[in-house]
Structure formats: C-alpha cells, structure tokens
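Dear colleague,

I am handing over the structure below, and after it you will find an account of what was found. Please read the two side by side.

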Amino acid sequence: MPIKRLLIANRGEIAVRIVRAAKAKGIETVLAVSAADRDSMAATEADRAVVIGPAAARDSYLNGDMLIHAALSTGCDAVHPGYGFLSERAAFAEKCENAGLNFVGPKAETIRLVGDKLAARALARSAGVPMVSGSEKVDTVDDALRIADGIGFPVITKASAGGGGRGMVVARSPEELRSSFDAASHEAKEAFGDGTLYLERFVERARHVEVQVVGDGKGNIVHFAERDCSLQRRYQKMVEEAPAAILSPALRNRVSQAAIDLLSPISYRNAGTVEFLYDEETEQFFFMEVNARIQVEHPVSEQICGIDLIQRQLDVACGEASELAQDDIIPAGHSIEVRIIAENPLDNFRPSPGRITNWSAPSGTGIRVDTAMASGVMVPPYYDSMIAKLIVTGRDRDDAVARLRDALDSFVIEGIATNIDLLRFISRHPDFIENRIDTRWAERVLLPEFLSDKGAP
Amino acid sequence: MTNVTPEDVQALIELFDAGDWDELHITLDDFQLHLNKDPAARRAWNGGERTVVDTPAASVATPAPVAVPAASATADATGSADYQVPDGMSVLKAPNLGTFYRSPKPGAAPYVEIGQKVDADSDVCLIEVMKLFTPVKAGVAGTIREILVSDAELVEFDRPLFVIEPDA
C-alpha cells in the first residue's frame, strides 16, 4: 500500500530533501524536531512539525520510542530516518516494523547483517566479491602479529562494529602494530561499545570507489553507477564525484556487478551503497563495507542518472513494484559535490556554530545546492556542522570542475567560519584538476599547502 | 440510546481528514462530535476545555484527536514555548513529547481538578511514550488554576500543561 503520511526523523538539509521528495509523490509529511529546530526550514515546509524533545540528540533525534510514538499519534504510516541518527540502528527499524510502520530503509535483519563488518565480509566472500586480504576477528596482540605476518605489512586495524576512522590504525611493521593494537581496540570500544578488531592489508595509494544501488526487497537490484569519494580528511569525505573517472568502462561494469552480486542473495531493500577500495597501481578493487541508508553524497548519482533516489526509497519501502530496469538507467555527464561545513580549517577544523548574517548561494545551469540555511538562520552547536552541499554537473569532469570553481567563487556565507576557502583552494589545485588524488592526499599534500598559502603556522 | 462506537468516530475522522471540508458538527442524544481543520478552533469551542473528540482515555485504540489537524504548525496558542505566562503564575510544561493523561488509569478520577491544592511533589498527570507511563510532578506548591490540555492529547516537548498559582 502506498505511503500516505510520512514521519521524518532527521534534520537539516536531508530533512528538507525528504519533505520535498515526499510532497512530489503526494505524501503528507510530519517532521519530528528538537526544540532547537522548531523554526527550521524543514519544519516550515513540512505539513506538520512536532517538537519531540530538547536540543540534545539523545533526547530527541536518537529517542526511538518517542519518534515512533509521534509517528503513531500523528497518523503516519511510515518513518524516514535520513542518514546518521537512527538510520542504521536495527533495533529502531524493528520497533517501527512491530508498530506497523513502514521503515524507509532495509529490513532490520539486513541492517544487523551488513552492520557487522565481519558478517559483511563473509557475505562478500560467498558472493565471490574480492576483498583486501584480511582476517577474522583478532583478539590479542600476539594473534594480530601472527596474522599480519601472513597478510604482509603494512596492515590496518579496523573496528568490527563501525567505521568513521575509530579503531583504525596503520602499522607498517610488527613494532608499530605491537604498540598501537591495544589503543585501537580501546578506541573502538569507546566509540561502538565493542572493541573487536580485524586486520586488513593496507593499500598506500588507494581510491575510495562506491556503487549506488536500490533494491526492492524481492531480489531485484539495480545500480546507479559509481562514485569516487577519495578526497577525505581523517576518513571524512570532503568531495564526491560521479562517475569514477579513473575507472575504465570494463572496470566500472565489474565494480557495479560486484555490488549487485553482493546484495542480491539477501534480497536487499532500500537505497544502499557498497564501498570499495581501489588500488590504482594494480587496477584491483576490494570490498570494504555496505552502507544501508541514503548517503550524504547521493545527489551526484541523481544528477548523472536523472532520477530521485529518495523517491525510489519511498517506492520500495512500501513494496511498490520497482519500475526500474537497469537498461533504463543511462548515466551521462559528470557531477561533483562538495560539503560546506561550519568549521575553521585554519583553526584545526574547529566547528563554528552561530548565526548566518548573510547567505547567498550560487544558482544557474548545472548548479544544485542542498541546504536548510538562509540569511538570519542559526547553526546550532548540537549537531553535525555540515550546512550545505554544493553539487555541480557538467558534460565531463573538466566542465564540472570549471563550474565548481565559479560556483564556489560566488558562494557567500557571512557570520560564521566555513571551509569554503579550502574548497576553493581544492578546485584550483593541479592534482585535483588532473584527478591525481587518493584517500590520503588531503593530509599529505592539500592541508600543508593550504596552511602555508594562508600564512598559518 | 445512540450506538456510536469508537470505530465509527475513527471512520468519521478518516473521511473528514481525507475530504476537503473544513468543519463538521454532529449532535445526537448523548453524543457530540466537532471536527475542525483550523488549529485555532479548539480553543474557541466550548471554552477550550475539550478537544475535537471527547472520548474516554483508553477506549479508542488510536489517539484520534491529534490526527486531525494535519497541517497545524507548532505554534498554536498553547503549543509553543512562546506561551504568555499569566502574572504571578507558574506554568508546568511537558518534559517530553507524549500522550497526556489526566488520570492514573482509565475511568479513575483525574489526578487534579481546577482549584485543587497541590504540593511540589504531587503527581498531576501522566505522559505516555510507547506504553511507558511517566507521572509528572507539579514542581511547585500551589493551586491549579488552568488545565491547558485535554485528556489523551498528544503534547509536544515544552508544551504548557497546567497553570499553577504558587502559595504565597
């Protein structure tokens, strides 16, 4: 049965994005907001907003029972979790299911399966999807040393229970592994409540390539080409592009097929992303993880494929037959997204919440800005500091890069510090223009050059 | 005399909600129903003491009243943090979102009535979230002067619930 009224359990630009996608499908929207967001753009645009709790996320956007109560009490029949917050909590998806609400995401069991990195690796193995040579869980330093010897240095430790850089340490020798293992496990335990680690071979010059898919929950899965998100700082993506211009057409087909092979056996439902590490020297790609949610960078795939991924999420969540056939999805052009963040790159990327006194976003052909900001709006200090996504699309990568440069130059944000100057610096950097970057380029090349250019210590 | 069931009321609300009527009144022997899509209307009707549907707390499975004003914003007369506190009065606000109940259980007498004296630690209502019922305390010793919310209504965080005149 189609969704009639949707509760949106998120905030910021993605809440606005979901409200608009739902309205375009004739679905009524109820936005659950914290007290800090009662006057936000999404609250204004939604048919109704309900204040569920105080500003702190744990009392509002992370309080699953309260959100479900709000959904039922306002007559909603579905819940969209957006990204972050409760989007990948299996227990929340399960509670929605039990309350008779359509969870706009995967089945709870799927979230559980792909959220456990070791289980996900087993899934990849049985699907014949290549992985970086790695290990099952590693309990002790001695185990780690023995296993690392088999894999070959350098190795990287990873947390079984989550990503985002927590529990990740690169060791180039047994000595380095011995000294860093316990700290990595402790960090994973602190971040995810589970200190279980595993080891992987570390690729020095790697690219981050990921495939966007949508599955209907009945075994049909289509892909919307791939993205290159190699420009990262401490495993946080800064710039995302589609397609991955570095890959040959044959490789592009292979990586997309690998993503489908991996998720078909579990009849994946929802939009999702399969992340791969790509070794440019050997032209090999390796499975990293599955993200079972809509992602921040989904717009670049939308731009080159000409579809609305949030609307597709709403279709498959309520079991509406997918009208999508792979042959109908024909990527064209090149799209680049940059994340505009309320932070000061000259002050160790310190977050800079506050009131925006002047906001003027670029517009025009090939320019899209996803945001919940405007002049006079407060960036609250309680949440993620991303304030906008600038998405530019052109005929090819060069065209898109030129458009990115112009769009960034005309973007005006006053009242708070942002990373726009850094993004402008990237858009003019020869390595970026010539697409010679990797996942560690920002730390190795970009930041030192940017800081010295700005005369910072 | 009349045999109006909660299911009938539910069906009426759904029809009303889906249609383009703005207002609906039904009066039978011992039954009155007033539906309105204007959030301001509930205050104007019957002195603001009742909400759109006045059914006993637990006899309707779905808390129907709040489903009606689909397009109401957060800022109606009592729903916002901007509520003007009358001079010398103390206002007790909802500690979180939930369903407001005046009685400890269906059919029981309300915790408090207008004019009743309360202590700071007197329970004055329940807020329910997913079958978890949490009593709310008055927070101040005084006299209940106004009850701003109807039984079984969804209240948002910070919504004013009671006006209490503190003891001098």
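Before the first figure a definition is needed: two residues are said to be in contact when heavy atoms of theirs lie within 4.5 Å. Please also keep in mind throughout that this is a predicted model.

With that definition in hand, take chain B, where, among contacts between residues at least 6 apart in sequence, 57% join residues at least 24 apart. The secondary structure of chain B consists of two helices and 10 strands, and their order along the sequence is α-β-β-α-β-β-β-β-β-β-β-β. Of the 168 residues in chain B, 42% are buried.

The aromatic residues give some concrete examples, since the structure holds 10 aromatic pairs over all chains. One of them is formed by Phe100(B) and Phe162(B), whose rings are tilted, with 5.9 Å from centre to centre and 50° between the planes. This pair links distant parts of the chain, for Phe100(B) belongs to strand β4 (residues 98-101) of chain B and Phe162(B) to strand β10 (residues 160-166) of chain B, 62 residues apart. Phe100(B) counts as buried because its relative accessibility is 0%, and Phe162(B) is buried too, with a relative accessible area of 0%.

A further tilted pair is made by Tyr101(B) and Phe133(B), again with 5.9 Å from centre to centre, but with 40° between the planes. Tyr101(B) lies in strand β4 of chain B and Phe133(B) in strand β7 (residues 132-137) of chain B, so this pair ties together parts that are 32 residues apart in sequence. Here Tyr101(B) is buried, at a relative accessible area of 14%, whereas Phe133(B), at 44% relative accessibility, counts as partly exposed.

Still in chain B, Thr143(B) is found in strand β8 (residues 142-147) and is buried, with a relative accessible area of 8%. If residues up to four places away in sequence are not counted, Thr143(B) touches Gly115(B), Gln116(B), Lys117(B), Val163(B), Ile164(B), Glu165(B) and Asp167(B).

Turning to chain A, I would draw your attention to two helices, α13 (residues 420-428) and α15 (residues 441-453), whose axes come within 11 Å and cross at roughly 115°. Angles from 65 to 115 degrees count as roughly perpendicular, and α13(A) and α15(A) are therefore described as roughly perpendicular to each other. The crossing in which α13(A) passes α15(A) is right-handed. On the side of α13(A) the contact is made by Asp421(A), Leu422(A), Phe425(A) and Ile426(A), and on the side of α15(A) by Leu446(A), Leu447(A), Glu449(A), Phe450(A) and Asp453(A). Sorted by class, the contact between these helices has six nonpolar, no polar and three charged residues.

In the segment after α15 of chain A you will come to Gly455(A), which is exposed, with a relative accessible area of 62%. The C-alpha atoms of Gly455(A) and Leu346(A) are separated by 9.5 Å, although these residues are 109 residues apart along the chain.

Lastly, chain A also has an aromatic cluster, which is formed by Tyr61(A), Phe85(A), Tyr382(A) and Tyr383(A).

With kind regards

Key
Residues numbered from 1 in each chain as written. Chains lettered and ligands numbered in written order. Predicted model: local features only at pLDDT ≥ 70, side-chain atom pairs only at ≥ 80, totals over all residues. Heavy atoms only, no water. Axes fitted to C-alpha atoms, helices over the stretch in contact; angles between N-to-C directions. Helix = DSSP H or I, 4+ residues; strand = E, 2+ residues; numbered from the N terminus. Parallel < 35°, antiparallel > 145°, perpendicular 65-115°, else oblique. Left-handed = near helix turned anticlockwise from the far one by under 90°. Nonpolar A, V, L, I, M, F, W, Y, C, P; charged D, E, K, R; others polar. Phe/Tyr/Trp six-rings, centres within 6.5 Å; stacked < 30°, edge-to-face > 60°. Buried < 20%, exposed > 50% of the residue type's maximum accessible area, 1.4 Å probe, protein only.
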